[in-house]
Every structure is written in C-alpha cells, then in structure tokens.
Amino acid sequence: MKMFSRDFTRTEKILITILALILLALMYYQFVHKAVEATVQNATIEAQSLETQITAAQARATRLASLQNKMDALKESGNLSWMPSYNASKPEIAFLNEVLKDTLSYSVEFASVTRTSNQIRRNFKLRYTTGGYRAARRIIEALRAGTNRCIVGDVRCSISTLGVTAVDASATFYETMVEGTPDAGLPADTAAAKQ
C-alpha cells in the first residue's frame, strides 16, 4: 500500500503551492507581525510614560527655580527667616524678652507644642502695653522679621485716652525635627496618627 505514489496534477500542485503560501503568511502574521506590533505598542506606551515623567520633571524644575528665585529675593531683602531644629524654646524665649524689653508690661503664655511630620509649632499668646501705637507696631514687625520663623496672627489693639496701647496677639514659632533631638516634651506626630 503506497501513499502518494502518483504524480500530482498541475491543478493539485497549484493548490498545494497556494496552501503553502497561505500557511507561510499565517505563520508570518502570527509569529512576526504580531510580535513587532506588540513591541511597537509597548514602545509607544513607554514613550508616553516617559513624556509624562519629563513633563512632571520640567514642572518640578520650574517650580524649584521659582522657589530659588523667591529665596534669593528674600535673602537680598533681608527678610529671610529659618526654622531652627527642635528644641529651640530657650532662644525663642530670649528673643521674645529682647523684643519686649521696652514695653510697659508684657506676658507670654505658651500653649502645647504640636507636631505634623517634621514640623513643630509652638503656639503662644502675647499681651503687652506700650506708650504708643508705633511702638506696639514695631514689636509686631520685630516678631515677624526675626531670624526664627514666627507667624503673628489675630492681633487686637486698643488705645487708652492717655495713649497707652494694649496689644493681644497670638503667634507661632516654627521648628523642624531635621537634626533635632527628640525629648519628653515632643508631641506625637499627628500626620502619622492620621495614616
């Protein structure tokens, strides 16, 4: 029993050739074309991802350049303050005593220290009296322009008939945990507690 012992006819040879070409085309499509198409698609997705990263990096670089320009302007103007490392309460109290030394009377009442991540805030209430409005204003300006970062807010001022000016204000000294040494007075991190 012999299989394929006869010669193929011209029509059969043409059909076998067409079938072989179709099989080659299917194999090319399956193993070459699809692989190249997937590679191109992955490369396109990666290029888009890289473009997004480049755009984000450019925006970050622009923001950093803007912040650097602001810092340079602050340095030139002399209004640059800094956040000391935790615990800077002694220098802050000495600074307050120096600023308030020419008042008629004063009292400083510190609230509890708060912490969010590396930022420490020392909130305090300040009451003082001076001989006039200009002297009271100079004290607020001195607090705001001091070397330690101090934000003054909620200022209330009253002037008596004799010209004595009484000021009630709340303010905050800012410190950082960067290079700071934790101690028993350091509160828990509120940002970590929320997570």
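Begin by selecting alanine 136, which lies in helix H3 of what is a predicted model. Alanine 136 counts as buried because its relative accessible area is 3%, and the cut-off for that word is under 20%. Now show what surrounds this residue: leaving aside neighbours within four places in sequence, alanine 136 is in contact with Tyr128, Thr130, Thr165 and Val167. Then add arginine 149 to the selection and draw a line between the two C-alpha atoms; alanine 136 and arginine 149 are 13 residues apart in sequence, and the line between them spans 20 Å in space.

Next, turn to the largest nonpolar core, which has 15 residues. Which of these residues touch the most other members? Select Phe124, Leu126, Tyr128, Leu143 and Cys150, for these are the ones that do. If you colour the model by element, you can see that helix H2 (89–99), strand E2 (119–130), helix H3 (133–145) and strand E4 (165–176) each give two or more residues to this core. Apart from it lies another core, made of five residues, including Tyr86, Val113, Met177 and Leu186. In soluble globular proteins, nonpolar side chains tend to be buried together.

Stay with phenylalanine 124 for a moment and display its surroundings, again without the neighbours within four places in sequence. Among the residues in contact with phenylalanine 124 are Leu96, Val108, Phe110, Cys150, Ala169 and Phe173.

From here, move to the charged side chains, where the structure holds seven salt bridges. Select arginine 127 and glutamate 109, whose side chains meet in a salt bridge with an N to O distance of 3.7 Å. This pair links distant parts of the chain, since arginine 127 belongs to strand E2 and glutamate 109 to strand E1 (residues 105–116), with their positions 18 residues apart in sequence. Arginine 127 counts as partly exposed, at 37% relative accessibility, and glutamate 109 is also partly exposed, at 48%.

Keep arginine 127 selected and add aspartate 168, because the side chains of these two residues also meet in a salt bridge, at 3.4 Å from N to O. Here too distant parts of the chain are linked, with aspartate 168 in strand E4 and arginine 127 in strand E2, 41 residues apart. Aspartate 168 has a relative accessible area of 39% and is therefore partly exposed.

Now select glutamate 175 and arginine 122: are they buried or exposed? Both glutamate 175 and arginine 122 are buried. They form a salt bridge in which the closest N and O atoms are 2.6 Å apart. Because glutamate 175 lies in strand E4 and arginine 122 in strand E2, this pair ties together parts that are 53 residues apart in sequence. Add Glu92 to the view, and you have a network of salt bridges that links Glu92, Arg122 and Glu175.

Finish the tour at the surface by selecting Ile14, Leu15, Ile18, Leu19, Ile22, Leu23 and Leu26, which make a nonpolar surface patch of about 660 Å². Leucine 26, one of these residues, has its place in helix H1 (residues 10–77). Leucine 26 counts as exposed because its relative accessibility is 52%, and the cut-off for exposed is over 50%.

How values were computed: Residues numbered from 1 in each chain as written. Predicted model: local features only at pLDDT ≥ 70, side-chain atom pairs only at ≥ 80, totals over all residues. Heavy atoms only, no water. Core = buried A, V, L, I, M, F, W, Y, C linked by side-chain atoms within 4.5 Å. Buried < 20%, exposed > 50% of the residue type's maximum accessible area, 1.4 Å probe, protein only. Helix = DSSP H or I, 4+ residues; strand = E, 2+ residues; numbered from the N terminus. Contact = heavy atoms within 4.5 Å. Patch = residues over 30% accessible without salt bridge, like charges linked within 9 Å, V, L, I, M, F, W, Y side chains within 5 Å. Areas by Shrake-Rupley, 256 points an atom, 1.4 Å probe, with all protein chains shown as cover. Salt bridge = Lys/Arg side-chain N within 4 Å of Asp/Glu carboxyl O.
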